[in-house]
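Hi,

Here is the structure I said I would pass on. Have a look at it first, and my notes come right after.

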Amino acid sequence: MDDIRIEKIVRSRRRTIALVITPDARLIVRAPARASSALIDEVIREKSGWIRKKIGEMKGRPQAVVHAYEEGEIFWFLGRSYPLHIVDEAGAGIQRTDKLCVSRTSTQEIRTRIQRWYWAEAATEIHSRCMWFSMMTGYSPASVRITDARQRWGSCTSRGGLNFSWRLIQAPLSIVDYVIVHELVHLRQPDHSPKFWGKVEALMPDYKRRREWLRDNERLLRI
Ligand SMILES: [Zn+2]
């Protein structure tokens, strides 16, 4: 018990106590407005095994990458790793060989170029996968846009448009496909009800495995 630290207690009109472990492995307690601290302690004692396990899991996941944009740093593209290679020849483009080659310039400029490159690659790949799944399913989005979202890999607008973060293009294609199918199904089923998951499963029987990959590796994608 002594090794379990509560980061925050959030009180509200809820009726039961819930424990939440955040992706950065902190414990948040959600409790009814008048729950005593003795009661909260008791719940934590009861669930201490689960809390330790969950915190261990969160700590074991890949941590967010902070890039310095230096030679040899790893960048992910469709699930493959490419070391950054800074070349002396001038030229604004990015070349992807077995490395990600970029001309020598300021760190800020390299960062901008890489993001722009990811964005353009994401637009091409995601549009074409969307078209494919749209043909397969008969669900057609009003528009497909690439965004700068940091956490939401995909989203669906009330007007039937789909948005995808350029960051998603770092993930393997099977994961990109899962996010696309997930959002396409939202066009018909806007919630996360069993009916929604049933439709996703019908189109992608192994969706759980893909969803899990995304959960476990989301921090890898947060560049
Ligand atoms: Zn959803």
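Below is what I found, going from the overall layout to a few single residues.

Keep in mind that this is a predicted model. The domain assignment splits the chain into domain 1 (6–60) and domain 2 (74–221). Taken over C-alpha atoms, the centres of the two domains are 33 Å apart.

Then there's the zinc ion. Three histidines coordinate it through their NE2 atoms, namely H182, H186 and H192, at 2.0 Å. Along the chain these donors follow the spacing H-x3-H-x5-H. H182 sits in helix α4 (residues 173–186), while H192 is in the loop between α4 and α5 (194–203), so this pair ties together parts that are 10 residues apart in sequence. H182 is also buried, with a relative accessible area of 11%.

Now for the nonpolar cores. The largest one has 43 residues, and the members that touch the most others are L84, I114, Y118, I126, F164, Y178 and I180. If you click on Y118 and skip residues up to four places away in sequence, you'll see contacts that include F75, W76, F77 and W166. Another core, of 14 residues, lies apart from that one, and A31, V43, I44 and M58 are among its members.

One last thing to look at is R211, in helix α6 (residues 207–221). What is the nearest side chain of opposite charge to R211? It's E212, 6.6 Å away, and R211 has no salt bridge although it is buried. Leaving out residues up to four places away in sequence, R211 touches Y178 and W197. Y178 is one of the core residues listed above.

Cheers

Technical notes:
Residues are numbered from 1 along each chain as its sequence is written. This is a predicted model: local features need pLDDT of at least 70, side-chain atom pairs count only at pLDDT 80 or more; totals for chains, interfaces and linings use all residues. Side-chain values use heavy atoms; hydrogens and water are left out. Donors are N, O and S atoms within 2.8 Å of the metal (3.2 Å for Na, K and Ca); water is not among the atoms, so sites may look incomplete. Helices (H or I, at least four residues) and strands (E, at least two) are DSSP runs, numbered from the N terminus. Buried means under 20% relative accessible area, exposed over 50%, partly exposed in between (1.4 Å probe, protein chains only). Domain bounds come from an automatic or database domain assignment. Lys and Arg count as positive and Asp and Glu as negative; His and the chain ends are not counted. A salt bridge is a side-chain nitrogen of Lys or Arg within 4 Å of a carboxyl oxygen of Asp or Glu. Contact means heavy atoms within 4.5 Å. A nonpolar core is a set of buried Ala, Val, Leu, Ile, Met, Phe, Trp, Tyr and Cys residues joined through side-chain atoms within 4.5 Å.
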